[in-house]
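Have the sequence and the model side by side. We will walk from single residues to rings and then to helices.

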Amino acid sequence: MKPPPAIPSPPLAWPVALLYGSLRLGGRLPLRLLHVLGALLGRLLWHVPGRTRRIIERNLSLVLTQDGTKTRHARGREAAIETGKSFCEIAKIWGNDPADALGLIRETRGEALFRDALAAGRGLIVAAPHLGCWELLNYWLASQTPLAILYRAPRHDVVEPLLLKVRGALPVEQVRAEGAGVRTLYKRLAAGGVVGILPDQQPRAGEGVPAPLFGVPAATMVLLPRLAQRTGACVLFSFMERLPRGAGYRLHFLPAPPELMDPDLERACAALNRGVEGCVQLAFPQYQWAYKRWPTKLVDELLAAAGRL
């Protein structure tokens, strides 16, 4: 399928334009080489003490409670390597022609779920955790159907035009995670459209409810369950799995737990997190374990109670 034309984006400040130029150069490299470089970067992140390793170790100490230190260390090293690959592969996605990037997808699993949801015409929410190459998933969805994605504005304003440019290489309506943007999502879904949301994004203070994630309470967004309940839209979980040795990617679609439609938000958010867990179990090291999903104070208290601090 020929990708539709790109949407014009704002001009880039010169430092950001330089970064974009670097991405374009890096995008010429083979994916296998980029993943080799990423694996080297990941090993460096693991062996040099720093924030990335510290967060990975703390997160896995919470999640892999039945495993010993040696096993958690090995899984942490794998996670750091996959984190490095995610840094380097972005050049192949953002710095490359969308058609070439889409050509890296070797297999799809559960695509019938996606096709059936489109055919139903009652709106579709694609819940895409921070797992594998979620930016390539955006491209695939945009190549199949009109798409709106929710995003949180970056801390530095000069970076936002770059995100709009690269994510808009195919026609995607990018809406900020704020009042007007949320209203746009409701309208999209009410009209039978497709919306993409990162379900494991840390919500702002007061905008989430606690729900278990891998057995540990985590502040969880209420927006996605509310969108689904109020519009009647279908919800599917999806992620783009990174294949070994730079061979490409495998696209997954999974059904959402039915309890996600429960009017009780705590039960709905617990179901949302179970959907995230179901995806992660299929490609455990590729989850963004370097993301501070749980507050530091809570982590310290839980690890101290378990004698692993």
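A residue is called buried under 20% relative accessible area, exposed over 50%, and partly exposed in between, using a 1.4 Å probe and protein chains only. This is a predicted model, in which local features need pLDDT of at least 70, side-chain atom pairs count only at pLDDT 80 or more, and totals for chains, interfaces and linings use all residues. Residues are numbered from 1 along each chain as its sequence is written, and side-chain values use heavy atoms, with hydrogens and water left out.

Start with P203. Its relative accessibility is 14%, so P203 counts as buried. Where does P203 lie? Look in the loop between strand 5 (194-197) and strand 6 (208-213). Strands (E, at least two residues) and helices (H or I, at least four) are DSSP runs, numbered from the N terminus. Now look around P203. Contact means heavy atoms within 4.5 Å. Not counting residues up to four places away in sequence, P203 touches R152, G208, A219, T220 and M221. Take M221 from that list. P203 and M221 are 18 residues apart in sequence, yet their C-alpha atoms are 5.5 Å apart in space.

Move on to F214. This residue is in the loop between strand 6 and strand 7 (216-221). F214 is buried, because its relative accessibility is 12%. Now check the backbone. Most residues other than glycine have a negative phi, and most peptide bonds are trans. F214 is not a glycine, but its phi is positive, near 55°. R245 also has a positive phi, about 55°, although it is not a glycine. R245 sits in the loop between strand 8 (234-242) and strand 9. Is R245 buried or exposed? R245 has a relative accessible area of 64%, so it is exposed.

Next come the rings. A pair of aromatic rings is described by the distance of the centres and the angle of the planes. Rings of Phe, Tyr and Trp (its six-membered ring) pair if their centres lie within 6.5 Å; planes under 30 degrees apart count as stacked, over 60 as edge-to-face, and the rest as tilted. How many aromatic pairs does a search of the whole structure find? The search finds six. One of them joins W140 and F253, a tilted pair with 5.6 Å from centre to centre and 55° between the planes. W140 belongs to helix 7 (residues 134-144) and F253 to strand 9 (residues 249-255), so this pair ties together parts that are 113 residues apart in sequence. W140 counts as buried because its relative accessibility is 8%. F253 is buried too, at 5%.

Y287 and W289 form another pair. Their rings are edge-to-face, with centres 5.0 Å apart and 75° between the planes. Y287 is buried at 5% relative accessibility. W289 is buried at 1%. These two rings belong to one aromatic cluster with F214 and F284. That brings us back to F214, the loop residue with the positive phi.

A ring can also have a charge over it. The test is that NZ of Lys or CZ of Arg is within 6 Å of the ring centre and within 35 degrees of the ring normal. The charged end of R53 sits over the ring of W46, 4.1 Å from its centre.

Now turn to the helices. The axes of helix 10 (residues 223-231) and helix 11 (residues 265-280) come within 9 Å and cross at roughly 105°. Axes are lines fitted to C-alpha atoms, for helices over the stretch in contact, and angles run from 0 to 180 degrees between N-to-C directions. Angles under 35 degrees count as roughly parallel, over 145 as roughly antiparallel, 65 to 115 as roughly perpendicular, and the rest as oblique. Helix 10 and helix 11 are therefore roughly perpendicular to each other. Helix 10 makes the contact with L224, P225, R226 and Q229, and helix 11 with L265, A268, C269 and L272.

Several helix 10 residues are buried: L223, L224, P225, L227 and A228. After helix 10 comes G232, with a positive phi near 75°.

Finish with helix 8 (residues 160-167). Helix 8 is mostly covered, with six of its eight residues buried. Which ones are buried? They are E160, P161, L162, L163, V166 and R167.
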